[in-house]
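Welcome! Here are a few exercises to work through with the structure open beside you. Try each task before you read its solution.

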Amino acid sequence: MPANPFNGYTDYGIGIGLRVPHYRHILAKKPVVDWFEIISENFMVDGGRPLEVLDAILEQYRVVQHGVAIYFGSADKFNREHLRRLKRLVKYTKTPWLSDHLCWGSVDGRYTHDLLPMPYTFAVARHTAEKIRAARDFLEVPICVENVSSYAEYHASEMTEWEFLTEVSELADCGILLDVNNIYVSSQNHNFNPYDYLNNIPHHRVGQMHIAGHSKFEKYILDTHDHPVLDPVWKMYAHAIKLIGPTATLLEWDDRIPSFDEVHNEALKANKFRDAQLAASTA
Amino acid sequence: MKRSKPTNSVTHNSRRAPPEINSVRQLRELQRVMSNALFRPLTPRWGMQKRWTDGSAMADVASEFIKPNDRLSSFERLEIYNRQYWFRVLDCLYDDYPGLRAVVGERKFLKLARAYLARYPSDSYTLRDLGSRLEKFLHDEPNWSAPRQELALDMVRFEWAQVVAFDGPAEEPITPDEILDTPPDKLKLRLQPYLSLLELDFEVDDFLIAIKKRDSDALRGEASNAMNAAPKAHRRRRRVRFPKRSKIHLAVHRHDNMLYYMRLDADAFAVLRLLGRDLTVEAACVEVVSQSARTEIDWPKQIKEWFDTWSTLGWFCRA
């Protein structure tokens, strides 16, 4: 669904992540880009260069916030200072929706700085959904939760990952940031059919999508965001667009970052699938 | 390469994961066990330690809560996360503390960083704060930076001040006109929160500039041969002469959102420090002038020059 309650009824098109190596190019050349995704935590600072760059970007572009450290799935309560700073940034950027990951990453106040997989149980789903609701009420902005790539599964899990994502999003009445590359990575690491995942989530809740590149190792696939998008992921993206509609899509490229134009051109490949779906739906 | 024996981090160590996760309490127990596993330092071959904190086989501990698959054991799956954690935090310190790295040496820096992170796992949602307790760590455990403990301490104070100056809070600066409008015996000024005043025993500023220039030159030479599977380390580089012992006074600040460090003479430094201790401008200047060993100086002119410069740089805000 291009515009829905979970992305603030917007239809943002194809965006890319705002990354430091591109600052100079973007600020000097002002390229045409549908929107930028910013990592919230990089701008939850008190002053200095990060906020100067953000001001300049906000003058020219639409910005959506994507977080990496709320940790909806941590057993701990929220870090209130984190949430306060996040809310301040939400008001500043006027992001129409906010995303973070369906994962945990801290316990007892200590941070792993990783996006760790959840045990897929009903009790954990209820706990996670309560935290998402609480965060949305405090932040006063729609929230989309993103499926993470993972390399481990727990014995304690009672359901599949897509069932857990569905359970949490329904209980929290929140949106989904569907990361197609993450589904592919996890499907290879955990031996499931990624199309089962795509077919069995609540499509009307998808407010945004992610695409990215990954790296293959001998026994597993790592979500490295340091390559162009691979063909199996594009195929899944095309399938997802058929199911969901041409939803706001963001290319992540976080390591070995090439030129701005190369990243942007890679992202714009998504238009081929969006246009095909639009043509099909209007035929 | 010989590395120090892995040690345990200071966490809830001996727990085991619960078999079921039907409550928040059980979820917390699982997360404690898994985070403890992640926080434990890697072996010298960058693998997960074979023994758990209670001496039992780590493979058995991992298999209690992580499923194996057809390619990887439970141990190997957990090890991916253990390695990712350490690669991430070591890389972060590696990038943020090039000066400390140069002082202690590349190999010793890795040992120091591992020991520091095992002693002080991150307690902040942002990696920006990862080095916030490095000064305390090096002060409490000087063996990690031997034989250059003092230089290492100076350098880490200097590098942390740069983190603060980069994105620390700023307050509305008081203008030169506002300063002139208030009598000096009534005027109290505070320093910008992003400004750090450092009294150091080594010329670490020049040293860091030389290190960064060397590393920048080396990067240009390396083209795009990016690293991928382990923390950056052990690249042989041209040696830069260590700084000589010489007392310096530094202000680390930003201007137009660019990072700067400025050497101050001892009297100027003392005035600024006294202003930070809630003295009026007049009281601070009188105290410094009365204690200064300098005699051949036009103090009113000198003080005016200082305050003109500092207020132009936006260092002052109203107390």
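**Exercise 1: The barrel**

In chain A, 8 strands form a closed barrel with parallel pairing, in the order S1-S2-S3-S4-S7-S8-S9-S12. Bear in mind that this is a predicted model.

Task: Find by how many degrees neighbouring strands of this sheet are turned against each other on average, then look at how S7(A) and S8(A) pair.

Solution.
- Step 1. With direction ignored, the average turn between neighbouring strands of the sheet is 30°.
- Step 2. Pick out strand S7, residues 143-146 of chain A, and strand S8, residues 175-179 of chain A; they pair in the parallel sense over 3 bridges.
- Step 3. For one position to look at, go to A:Cys144, which stands opposite A:Gly175 in S8(A).

**Exercise 2: Two helices in contact**

Task: Decide whether H5(A) is parallel, perpendicular or oblique to H6(A), and list the residues that meet.

Solution.
- Step 1. Helix H5 spans residues 122-139 of chain A and helix H6 spans residues 161-172 of chain A; their axes lie 8 Å apart, at an angle of about 40°.
- Step 2. Angles under 35 degrees count as roughly parallel and 65 to 115 as roughly perpendicular, so the angle found in step 1 makes H5(A) oblique to H6(A).
- Step 3. The crossing in which H5(A) passes H6(A) is right-handed.
- Step 4. From H5(A) come A:Phe122, A:Ala125, A:Arg126, A:Thr128, A:Ala129, A:Ile132 and A:Arg133, and they meet A:Phe164, A:Glu167, A:Val168, A:Leu171 and A:Ala172 in H6(A).
- Step 5. Sorted by class, the residues of this contact between H5(A) and H6(A) are 8 nonpolar, 1 polar and 3 charged.

**Exercise 3: Where chain A touches chain B**

Task: Work out which element gives the largest share of the side of chain A that touches chain B.

Solution.
- Step 1. Chain A brings 39 residues to the contact and chain B brings 45 residues.
- Step 2. On the side of chain A, the elements giving two or more residues are helix H3 (49-60), strand S5 (104-107), strand S6 (110-116) and H5.
- Step 3. The largest share is that of S6(A), with 6 residues.
- Step 4. This side of chain A holds 16 nonpolar, 13 polar and 10 charged residues.

**Exercise 4: The whole chain**

Task: Check whether the radius of gyration of chain A agrees or disagrees with that of a compact globule.

Solution.
- Step 1. Chain A contains 11 helices and 12 strands.
- Step 2. Along the principal axes, its C-alpha atoms fill a box of roughly 50 × 45 × 40 Å.
- Step 3. A compact globule of 283 residues would have a radius of gyration near 19 Å; chain A has 18 Å, so the two agree.

How values were computed: Residues numbered from 1 in each chain as written. Chains lettered and ligands numbered in written order. Predicted model: local features only at pLDDT ≥ 70, side-chain atom pairs only at ≥ 80, totals over all residues. Axes fitted to C-alpha atoms, helices over the stretch in contact; angles between N-to-C directions. Helix = DSSP H or I, 4+ residues; strand = E, 2+ residues; numbered from the N terminus. Parallel < 35°, antiparallel > 145°, perpendicular 65-115°, else oblique. Left-handed = near helix turned anticlockwise from the far one by under 90°. Contact = placed C-beta atoms within 7 Å. Nonpolar A, V, L, I, M, F, W, Y, C, P; charged D, E, K, R; others polar. Pairing = 2+ DSSP bridges. Rg over C-alpha atoms; globule rule 2.2 N^0.38 Å.
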